[in-house]
Structure formats: structure tokens, C-alpha cells
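Hello,

Here is the structure I said I would pass on. My notes follow it.

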Amino acid sequence: MSEDGIEVPALLSPRGKALILASALLIALGFISPQHSMFLSLFITGLSLTLLIIIMRYIIQIKAKALSSIRVERKIKGSFIEGDLHTMTLIFYNPSLIPIYGVEFIDNPPKTFKVVEGSTSGLLILPPRGTSRHEYKFKPFIGKHSFNRLKVILRDPLSLFFVETYVGEPVEYKFKPKVIPLKEKRLLSAMITAPFGTSKARIKGIGQEFADVRDYVPGDDFRHLEWKATARTGRLKVKEYELEAHLRAIFILDATKTMYYGVIGNTKLEFSARAIATIAKLLLDRGDYVGLTIYMGGDRYKIVPLGHGRIHVYRILDALADIEPYSEDKSQFPKVIAKSMVRGTSWGYNLVLLITDLEPYDEKLYNSIVDVAIKAKELRNTICIISPYSPLFELETLNGFSKVLQRIHVAKSWETREASLKIFTSRGIPVINVGPQDIIEIILKKIEALRFHAPL
């Protein structure tokens with residue numbers, strides 16, 4: 001059998017080694033007295049065992065050759081959204097005329113997958129020119145995940161020899177963050193921007209929707225005169241209309257390895273990605289503009305330019321599904337933030353939300369980020385740092401006495417945290433610390449507070 005053109009040898013199992021020793025011993029005993037019937041029978045038995053070993057080795061070579069020709073196909077059935085139940089189907093094709101029975105296979109799903117039903121291993125039963133299927137169910141986490149080749153272990157009928165190799169090809173799949181339904185009253189209250197409901201903010205001007213009646217001012221268009229109010233009051237009155245104000249929000253997500261700290265499924269990065277997905281969908285459904293930059297460490301980043309419309313939701317979700325923490329190196333982060341500004345400032349005023357844990361402490365990096373943020377403010381942008389605070393996320397996974405100890409640790413570590421935040425706040429860049437329970441609410445409130453001042 002060959003693996004990438006390299007012949008994979010058949011190895012002796014412990015049983016095979018024992019049988020070879022036994023056959024060698026029997027043959028050696030047979031030479032003590034070949035004329036004696038007992039020693040002759042020992043000699044013949046030893047030869048028979050040797051012949052059996054040769055036959056088994058020949059059989060495994062034939063089976064290995066047939067196994068090298070099989071094809072493996074993966075199929076995933078599901079929504080490709082994190083946390084949903086998905087079914088993985090492995091389909092094996094045997095194009096040869098040699099049946100393949102009793103071959104062990106072991107799938108290698110990413111460690112970020114949680115298998116909830118079935119098994120990732122089994123016995124392969126493939127008839128000549130036939131197919132075989134194996135299924136198991138799993139729940140994935142956010143991001144890009146790679147499946148390695150399947151490991152197969154081939155044995156002869158007596159398990160004297162075995163071959164370990166891999167079949168199929170590596171495959172990569174992406175899973176999008178779940179959009180969290182905003183059902184809680186405290187979250188809905190953050191979305192209300194006008195007495196008319198939760199749809200759009202309005203600014204008085206020359207628009208399409210009637211807002212109020214006011215006194216006539218020289219220069220007003222006579223077409224907007226309100227004759228009934230004029231007749232009733234004896235003074236000229238004009239109609240005032242409302243003009244929709246749309247926000248332009250740019251999310252810059254720190255997706256380096258420090259953000260991936262914690263229990264898989266509940267890391268700072270995953271909570272942040274869900275928050276962005278949820279809020280981006282809300283804003284785009286309301287007609288706002290949304291942009292996204294994902295920084296994965298080193299010189300790796302991805303920018304989704306400002307866009308609007310419901311089709312843009314899929315671009316945002318697809319970008320978030322590409323999350324794959326690359327490094328803890330954040331040295332290029334300020335440059336990536338600046339590039340995000342270049343993509344956005346041509347539209348005018350933007351709300352820039354920088355989501356980062358500000359870890360590890362790096363005063364030089366902090367000052368570089370502040371310099372970029374100040375330049376962004378000079379270009380009529382509002383910038384705010386939303387910082388997932390690690391101890392708050394750690395509390396999510398603890399209970400009982402461990403949780404009490406962690407709260408004490410949080411109180412002590414807060415002094416260090418405050419010192420680092422002063423670098424930003426002293427130069428007018430606000431930093432808001434968030435935990436897993438309030439990250440969406442805080443971002444929503446920040447957005448809606450700005451909507452009242454949004455330019456046309």
C-alpha cells in the first residue's frame with residue numbers, strides 16, 4: 001500500500017511476533033533429532049506456522065493494495081451555524097474487485113467540535129465496487145475548522161500483521177456565529193430611538209414623513225404651508241417633515257490568540273463575534289451601513305467595506321466564519337485600524353467600535369492605537385473601545401467556592417487594568433469593559449446614543 005507515493009510496510013503485531021518466535025523455536029527443536037517422530041512433528045508444525053505467516057503477509061498486501069484505491073467523501077448536513085446540530089456523513093467508495101472487510105477507520109475532527117451522537121470510528125465493510133456510509137452528529141463552534149485525513153488500520157484475518165495509513169484528503173469548513181434573538185426587555189429598550197418604535201431615528205428637515213407644524217419663517221417653501229393651522233391661528237404655519245438618519249458603524253475585531261483564551265465555545269472572541277453578528281444584522285435590517293475588519297495577528301487581517309442591505313448580512317457572517325486566530329503578535333494592529341479608516345472615512349461620519357481585550361499589556365502598542373484613534377476623530381469619526389475583560393469571562397465557567405476566589409482575584413487585578421486604561425482615557429478615547437452577559441447591551445446603547453447625533 002502507498003501513502004503519497006511512499007510504500008507503507010506491513011508491521012508485525014505482538015501476536016505475529018509471538019508466532020514467529022514459536023515457529024522458529026519449533027523448527028530449531030525439530031533439528032535435535034530429525035529421525036524421531038516427535039521432533040519431526042515439531043519441525044513440520046514450525047514450517048506450517050512459517051507458511052501461515054507468509055500467507056497472512058501476502059493477504060494483507062493484497063488488501064492494502066485494494067485499500068489504497070478507495071475514495072472517501074465527506075458531507076455535512078446542517079445550517080453551518082455554530083451550536084446547531086450537524087450530521088457528518090463519510091462515504092467510502094471501493095472501485096476494485098477485492099472486498100474490504102474489517103478495516104478500522106478513525107476520523108479526526110477538530111478538537112473544537114463536540115460529538116453528541118455516534119462515533120468517529122468504526123469498521124469498514126466494503127463489497128467489491130461498492131460503497132459504505134458512516135454517520136455521526138456534532139455541534140461546531142465559530143470559525144474555520146480543518147478535518148485531517150482518515151486514519152485506517154488494516155489487519156490480516158489472524159491479526160498477525162497490520163498497516164496504519166491515511167486515506168481521503170484534508171477538508172476545511174466554516175461555521176458562522178449564531179445571531180442571538182433580542183427578546184429581553186432591557187435589550188429592546190436600548191434599541192428604541194423614537195416614540196414611533198424601534199425602526200429608525202429621525203431628524204427634522206426636508207424629508208418625506210410629517211413631523212410637526214411650526215410658524216412660517218421667511219425663506220420657507222410655500223408648498224409646505226399648513227392652511228388649516230393658518231386659518232385657525234391667524235398666523236402662517238408650515239409643515240415640518242422628518243428625514244431618516246442612517247448610521248455608519250465600523251466594527252474592528254481583535255481575533256488574535258489572546259481573545260481565544262478560555263473554554264472553547266465561551267471565549268472572549270466567540271462572544272464578541274456573536275455580538276457583532278447580532279448587532280450587524282439589526283443595523284442592516286434598519287437600513288444602516290456596517291463595515292467589519294478582523295485582525296488575526298501578525299500581518300493577517302480581513303476587511304469587509306461599509307455596505308448596507310440585507311445581502312450585506314451574509315458578507316459579515318461569512319467573514320466572521322473565517323475567524324482563525326493566527327498569533328498573539330499585535331504589532332500590526334494600529335496599521336490595520338488605519339486601513340479600516342481609509343475604507344470608511346470617504347463615506348463621512350462613522351462610529352468605529354474597536355473590540356479588543358487589550359492584552360497583554362504593551363504601552364507602546366497602546367500609544368500607537370491612541371494615535372490612530374485621534375486621527376480617526378479628526379476625520380469626523382467617533383471611536384470607542386469595547387474591551388472584553390478576561391476575569392469576567394472566566395467567571396462564566398466557575399461555580400461555588402472557585403467563583404468566590406475568582407471574584408477576589410478580579411478585584412485585585414482591577415488596579416492593574418485601570419492603570420492600562422488611563423493611557424486611552426487620558427487622551428479622550430473611551431474604553432468600556434464588558435463581560436459575556438452585557439457585551440451586546442452595551443454596544444447597542446452606545447450605537448443608539450450616537451444615532452440622535454447622526455449626520456444626514
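**Notes on two helices**

Leaving aside neighbours within four places in sequence, Ser272 touches Leu253, Met259, Ile355, Pro388 and Ile439. Please keep in mind that this is a predicted model.

Ser272 belongs to helix H5, which covers residues 268–285. Is Ser272 buried or exposed? Its relative accessible area is 0%, and buried means under 20%, so Ser272 is buried. The side chain of Ser272 also has a polar atom that lies 2.7 Å from the backbone oxygen of Lys268.

The other helix is H2, made of residues 37–67. With 31 residues at 1.5 Å a residue, H2 should span 45 Å. The C-alpha atoms at its ends are 44 Å apart, which agrees with that figure.

Which residues of H2 are buried? They are Phe39, Gly46, Leu49, Ile53, Met56, Ile60, Lys63, Ala64, Ala66 and Leu67. What do the buried residues of H2 pack against? Their partners are helix H1 (14–30) and three strands: E6 (100–106), E11 (150–155) and E12 (161–167).

Ile55 is also found in H2, but its relative accessible area is 39%. Buried means under 20% and exposed means over 50%, so Ile55 counts as partly exposed. Together with Leu51 and Ile54, Ile55 forms a nonpolar patch on the surface. The accessible area of these three residues together is about 280 Å².

To find these places in the model, start from Ser272 in H5, then go to Ile55 in H2.

Regards

Technical notes. Residues numbered from 1 in each chain as written. Predicted model: local features only at pLDDT ≥ 70, side-chain atom pairs only at ≥ 80, totals over all residues. Heavy atoms only, no water. Patch = residues over 30% accessible without salt bridge, like charges linked within 9 Å, V, L, I, M, F, W, Y side chains within 5 Å. Areas by Shrake-Rupley, 256 points an atom, 1.4 Å probe, with all protein chains shown as cover. Salt bridge = Lys/Arg side-chain N within 4 Å of Asp/Glu carboxyl O. Helix = DSSP H or I, 4+ residues; strand = E, 2+ residues; numbered from the N terminus. Buried < 20%, exposed > 50% of the residue type's maximum accessible area, 1.4 Å probe, protein only. Expected span 1.5 Å × (residues − 1). Contact = heavy atoms within 4.5 Å. Polar contact = N/O pair within 3.5 Å; in protein donor to acceptor, adjacent residues only side chain to side chain.
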